[in-house]
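Please load the model in a viewer and set it to a cartoon representation with side chains available on selection. The tour proceeds by selections, each followed by a description of what is found there.

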Amino acid sequence: MRSDPIRGRSDRSSLNFRYWAPFLVKKLYIKTYGCQMNVYDSQRMADVLTPLGYEATDGPDDADMMVLNTCHIREKAAEKVYSELGRIRAIKDSRAEDGKETIVAVAGCVAQAEGEEIMRRAPCVDMVVGPQTYHRLPELIARAARETGGVMDLEFPVDPKFDYLPPVSARGFSAFLSIQEGCDKFCTFCVVPYTRGAEYSRPVADVVEEAALLVAGGVREITLLGQNVNAYHGAGPAEKVVGLGTLIRKLDAIDGLSAIRYTTSHPADVDEELIRAHGEVEALMPFLHLPVQSGSDRILGAMNRHHNIDHYRDVIARLKAARPDLKFSTDLIVGFPGETDADFEATMALVKEIGFVQAFSFKYSARPGTPGAVMPNHVPEGVKSERLAALQSTLLEIQVAFNDDCVGRTLPVLLDRAGRHPGQLVGRTPYMQPVHLDAPAVLMGEIVPVTIAAAHRNSLTGVLVDHSAESLAVEGARA
Ligand code: 5AD
Ligand code: SF4
């Protein structure tokens, strides 16, 4: 039997009225796990809680409310949540000894999948809220104050949460913007269709309005988010449904928005309109995350990926024909049930052929309730580990070779944070490589031409080009 680190004496019995009384400043700590959509959701939860008097704090110790925004995609992700709840219980207890109350909320995909289990295992949790209902956090806080025991909201409401969220607040120079959520693809390894629900696309006007607000607040780069972002089919003008390519062109018209990205896309949903946008919209960055998962057609079939390798190759070729400087990153899973050495070799071959400059690679993790979990021929853990190590070493070689290739090139770099030493800033290239350079602080938030001087494993060092000559000097800048 496993020992349970979560049980303890903190409980959720009595929340005090003052926690939902507005106008008192209260500290909010949100810890985010998993994907960028969770990062976006965490910011939106903060936006929802601001009118109640909550302001962000960096650590849990002084937090009047703590939110764990959780990820369920792989086993380890969920386990981390339970061990974090053990630590949170201790903090809640010690705050209670000082007469301070703490609201503990669990949000996100573990909440959606295991709400009851969380309530049972972790008495310090006051509320559990799913990814589609976090706009109701204020009501949940009020309910928790009225009722004894924990409160839960795991509904998939008919009206999307976006209709109820307050206007977004801009933070920094680069922002995420959720445009599509949920997934109807049902890959056999994936929990997303169960935790995030069916596909939903926000209307074009909503997205453009949110993007314009972000840009007005100083944002220069927007990454459009969706579990299946290029399945986007939002209501456009006159209720005509439009795809991602058209949406990108609408966003491109916003003055001051210099860089547009989107993630995560699906190879089966890359259409001509999107490919044309890559060729014609300068602000659409030449870097695309296009998960392939496996290089074996047999495994792709078992994964229910809706495409084969030839289709993937063809999509890449058409995208590159439209935008020759486009580079790709991907997601890969090793050890899916039934994966043989030959299947794995096919993945290795594909990785070398495409030359992914970045990749996220994972050992298959059986998720309860997914078809993959009950398939025969699960791959032993040791074999998965060997395959992952071999794959990651090849991926690293390709990444390092690409970094080396960048030396001597002049790339547009968005300077978005301070460097380690005074007088240094850090930015990102179109390919998301961090670049360290000497630059005056006034350039923070600017996109400047930088000549790459040296390459390292995970970053680059660069020299600021005299940018009176700005765009002329920047490689890839087109009329
Ligand atoms: N096991 C391992 N990796 C997974 N992913 C999704 N589900 C699983 C799973 N059960 C990976 C996929 C996906 C990325 C977000 O996480 O590669 O693209
Ligand atoms: Fe999961 Fe597949 Fe949907 Fe991506 S496309 S969210 S991997 S089911």
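The stops below cover a sheet, the helix across it, and several salt bridges.

**The sheet**

Please note at the outset that this model is predicted. Begin by selecting strands β14, β15 and β16, which form an open sheet in that order with parallel pairing. The edges are held by β14 (287-289) and β16 (358-363); each has a single partner strand, so one side of each is left without a neighbour in the sheet. From one strand to the next, the twist averages 15°.

Next, restrict the view to β14 and β15 (residues 327-334). These strands run parallel and are joined by three bridges. Within this pairing, leucine 288 stands opposite phenylalanine 328 of β15.

**The helix across the sheet**

Now add residues 381-406, which make up helix α12. Helix α12 lies across β15 and β16, and runs at about 175° to β16.

**Salt bridges**

Side chains of opposite charge can pair when their charged atoms come close. Over the whole structure, a search finds 30 salt bridges. The following selections show some of them.

Select glutamate 55 and lysine 27, whose closest N and O atoms are 3.2 Å apart in a salt bridge. Glutamate 55 belongs to strand β2 (residues 54-56) and lysine 27 to strand β1 (residues 26-32), so the pair ties together parts that are 28 residues apart in sequence. Glutamate 55 is partly exposed, at 39% relative accessibility. Lysine 27 is also partly exposed, with a relative accessible area of 26%.

Move to aspartate 47. Which residues does its side chain meet in salt bridges? One is arginine 44, with the closest N and O atoms 2.7 Å apart. Aspartate 47 and arginine 44 are three residues apart in helix α1 (residues 36-49), and are therefore separated by about one helical turn. Another is arginine 171, at 2.9 Å from N to O. This second pair links distant parts of the chain, 124 residues apart: arginine 171 lies in the loop between β6 (151-153) and β7 (174-178), and aspartate 47 in helix α1.

Are these side chains buried or exposed? Both aspartate 47 and arginine 44 are buried; the relative accessible area of aspartate 47 is 7%, and the cut-off for buried is under 20%. Arginine 171, at 33% relative accessibility, counts as partly exposed.

For the final stop, select Asp41, Lys161, Glu181 and Arg196, which are linked in a network of salt bridges.

Note on methods: Residues numbered from 1 in each chain as written. Chains lettered and ligands numbered in written order. Predicted model: local features only at pLDDT ≥ 70, side-chain atom pairs only at ≥ 80, totals over all residues. Heavy atoms only, no water. Pairing = 2+ DSSP bridges. Helix = DSSP H or I, 4+ residues; strand = E, 2+ residues; numbered from the N terminus. Axes fitted to C-alpha atoms, helices over the stretch in contact; angles between N-to-C directions. Contact = heavy atoms within 4.5 Å. Salt bridge = Lys/Arg side-chain N within 4 Å of Asp/Glu carboxyl O. Buried < 20%, exposed > 50% of the residue type's maximum accessible area, 1.4 Å probe, protein only.
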